[in-house]
Amino acid sequence: ALKASTTIVVAGASGDLAKKKTFPALFGLYNNGFLPSDIRIIGYARTKMDPEEYHKRVTQYIKAPIPAMKKKLEEFLERCSYVSGQYDKDDGFEELEKELKKCEETYEDKKAPKNRVFYMALPPSVFTVVAANFKKHNYSEGGINRIIVEKPFGKDLESSREMQVDLKKEWKEEEIFRIDHYLGKEMVKNLLVLRFANVMLDASFNKNLISNVQITFKEPFGTEGRGGYFDEFGIIRDVMQNHLLQVLSILTMERPVSFSSEDIRDEKVKVLRYIPEIKFEDVLLGQYTASGDKPGYLDDETVPKGSICPTFASCVLHINSPRWEGVPFILKAGKALNEQKTEIRIQYKDVTQGIFKEITRNELVIRVQPGEAVYLKMNSKAPGLAMRTVPTEMDLTYKRRFSDLKIPEAYEALILDALNGDHSNFVRDDELDIAWKIFTPILHYIDEKKPRPHSYAYGSRGPEELEKFVQDKGGFVRSSA
Ligand code: BG6
C-alpha cells in the first residue's frame, strides 16, 4: 500500500477533468478517511493564481453541501497548494520540485520513502512532454512513483502505440495507471462476482443458452460546448472503443486464475483477441438534429460546418471463441437521446413453448447507471385457480436491497486503487492495443469514405433505422430497449 508520505501532483489542475472529477474524488476520499491525514496535493497548470484564488477554485470544484463537510474542506485545502508553469519548459517543473520537497518536509515520518503520484488531467497535445518533464525533474529517488493517465490514448492503433512508446521511454508499465473510468463503476466491478460467484449464471453464459447481448450507453444531452473536442473523435472513440468494450471484455472473459490484476487482465486480453475487426456492414451511425428548443449537433458553433461526425453508433461484435461463437454482441452508444442509461441486456434463447401458450424468453439485465440494478426476467404462474403464466422479475435493485447504500464515485475507487498500487481496474498496454485493433479499420473507413450518418432528433431514441438494424443482426427488440 502506498498511502503515508505520498504527494499527489495534479497536472492540468485548472482544466475540466480536474474540476469535474479529480478534485471532487480526492476530497471524497479525504472526507471519508481514505487518505492519510497528512496527504499533500499540488496542482500544476499554466494559469497564474495566488494561493487564495486557487483555494477558491478548488472549493468551487468540490461543492461541499453540508456543514459537517465544511470543516473537512478547510483541512483539505490546507493540504492543497499550487504551482504555475509551462508544460514544455524546465523552470515550472523546477518550481514544482521545490514545492514537492517543501511538502515532503512536513511528513511526520521523516525517514519514510517519498512517494509521488502524478495525475495527468491534461489534453493529449501536451501529455507526453509533461510525462517526460515529470520524469526528468520530479521523479522521486528511493520512493515509489506512479503516473495516472487518461484517454484519449491516440486516435487509432498507430497513434496510440506511438503515445505508449513515448510514455514508456520514461515510465515503466508497473508505474502507469491508465484510467477507463467505467472500470471504477460499482456495477462494472460487480460483473466478476455476479458471473463467477453464481454457479447458474456462470453455467448459462454461453452460446447454447444466450441468443444475443446488448450493451447500451445513452445520454440525454448533446456535445454542447464540447463539440470541438468531440468532433475530432466521435462516439466510437469517445465511448464505445473504451468504456463499452471494457464492459464487454469483463462480461465475457473466462474465469481468471486469481483476483490478481495480471490474471484478470490476461483473461480480458484473451477474450478480446477472439474478436475480429468490425466491418462497415456491422455498423449503424447517427447524428442528432435540432428538436424543439434543443440544438442539433451542427448548430454547435464549436463543430465544423457539415461535419459527418457520428454522435450515435451501434456496432455488432463477434467473439469467435468456443464459448461465444455465433452470439452477436450489439453495442449502442449515443448522445442527445431520450434518457440517461447504461445497461447490459443478456437475451436468452426462446423457451420451448410446448404446453405453454405465451411465455417470454429469459433476460438478464444489469443496469450500470443510473439506479444500479440486476434483474432476471422470468415466467411464473399467475397466482390463482386458473393455469396462467405471467412474465415477472427476480429483482436486485440496489436502492431497495442495500439500505445503507452509498455508491462510491468511479474516480474515488480508481484513485484509491492507484494509491494502493492495484492495477486490476486499469488498462494494460496490450489491452489498449487490442481494443484499437478491433476498431481501427472501421474508424479509418469512416474517416476516409465519410459515410453520412442517419439523422435522429435530439431527445429521441436514436435513428429510426436502429430497430431494423438490431433485428437484422440477431438482437431482439423490445419496446423499452
Ligand atoms: C467520457 C466521455 O469518457 O465518458 C463523455 O468522454 C461521456 O463523452 C462520459 O459523457 C460518460 O461518463 P459517465 O460516467 O457520465 O457515464
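The exercises below concern a predicted model, and each is followed by a worked solution.

**Exercise 1. The ligand shell**

Identify the residues around the ligand, and say which side chains have polar atoms at short listed distances from its oxygen atoms.

Solution.

Step 1. List the shell. Around the ligand are Lys151, His181, Tyr182, Lys185, Phe217, Glu219, Arg226, Asp238, His243, Lys335 and Gln369.

Step 2. Sort the shell by class. The residues divide into 6 charged, 3 polar and 2 nonpolar.

Step 3. Look at the distances to ligand oxygen atoms. For Tyr182, a polar side-chain atom is 2.4 Å from an oxygen atom of the ligand. For Lys185, an N or O atom of the side chain is 2.6 Å from a ligand oxygen. For Lys151, the distance from a polar side-chain atom to a ligand oxygen is 2.9 Å.

Step 4. Consider how much of the ligand is covered. The ligand alone exposes 390 Å², and the protein buries 81% of that area.

**Exercise 2. Gln369 and its surroundings**

Where is Gln369 placed, is this residue buried or exposed, and which residues does Gln369 touch?

Solution.

Step 1. Place the residue. Gln369 belongs to strand E12, and Gln369 is also one of the residues around the ligand.

Step 2. Decide on burial. The cut-off for buried is under 20% relative accessible area. Gln369 has 13% relative accessibility and therefore counts as buried.

Step 3. Collect the contacts. With residues up to four places away in sequence left out, Gln369 touches Tyr182, Lys185, Gln340, Lys341 and Thr342.

Step 4. Pick out polar contacts between side chains. Gln369 makes one with Lys185 at 2.6 Å and one with Tyr182 at 3.4 Å. Both partners, Tyr182 and Lys185, are also in the ligand shell.

**Exercise 3. Backbone exceptions**

Which peptide bonds before Pro152 and Pro370 are cis, and what phi do Ala336 and Lys450 take?

Solution.

Step 1. Recall the background. Most residues other than glycine have a negative phi, and most peptide bonds are trans.

Step 2. Examine the two proline bonds. From Lys151 to Pro152 the peptide bond is cis, with omega near 5°. From Gln369 to Pro370 the bond is again cis, with omega near -15°.

Step 3. Locate the prolines. Pro152 sits in the loop between E5 and helix H6 (157-170). Pro370 sits in the loop between strand E12 (363-369) and strand E13 (373-381). The residues that precede these prolines, Lys151 and Gln369, are both part of the ligand shell.

Step 4. Turn to phi. Ala336 is not a glycine, yet its phi is positive, about 55°. Lys450, not a glycine either, has a positive phi of about 50°.

Step 5. Compare the settings. Ala336 lies in the loop between strand E10 (329-334) and strand E11 (341-348), and because its relative accessibility is 0%, Ala336 counts as buried. Lys450 lies in the loop between helix H13 (429-449) and strand E15 (454-457), and because its relative accessible area is 52%, Lys450 is exposed.

**Exercise 4. Helix H12 and the nonpolar core**

How many residues of H12 are buried, what do the buried residues pack against, and which helix gives the most to the largest nonpolar core?

Solution.

Step 1. Count the covered part of H12. Helix H12 spans residues 410-420, and 10 of its 11 residues are buried. Among the buried ones are Tyr411, Glu412, Leu416 and Asp417.

Step 2. Find the packing partners. The buried residues of H12 pack against strands E1 (6-11), E4 (115-120), E5 and E6 (176-179), and against helices H1 (16-31) and H7 (186-196).

Step 3. Check the end of the helix. Gly421, just after H12, has a positive phi of about 75°.

Step 4. Describe the core. The largest nonpolar core holds 140 residues, and those with the most contacts inside it are Phe23, Phe76, Phe134, Leu317, Ile346, Ile366 and Phe439. Helix H9 (residues 227-252) contributes the most to this core, with 11 residues.

Step 5. Follow one core residue. Apart from its neighbours within four places in sequence, Phe439 is in contact with Ile236, Met240, Gln241, Leu245, Ile278, Cys315, Leu317 and Leu331.

Terms used: Residues numbered from 1 in each chain as written. Predicted model: local features only at pLDDT ≥ 70, side-chain atom pairs only at ≥ 80, totals over all residues. Heavy atoms only, no water. Near = heavy atom within 4 Å. Polar contact = N/O pair within 3.5 Å; in protein donor to acceptor, adjacent residues only side chain to side chain. Areas by Shrake-Rupley, 256 points an atom, 1.4 Å probe, with all protein chains shown as cover. Nonpolar A, V, L, I, M, F, W, Y, C, P; charged D, E, K, R; others polar. Core = buried A, V, L, I, M, F, W, Y, C linked by side-chain atoms within 4.5 Å. Buried < 20%, exposed > 50% of the residue type's maximum accessible area, 1.4 Å probe, protein only. Helix = DSSP H or I, 4+ residues; strand = E, 2+ residues; numbered from the N terminus. Contact = heavy atoms within 4.5 Å.
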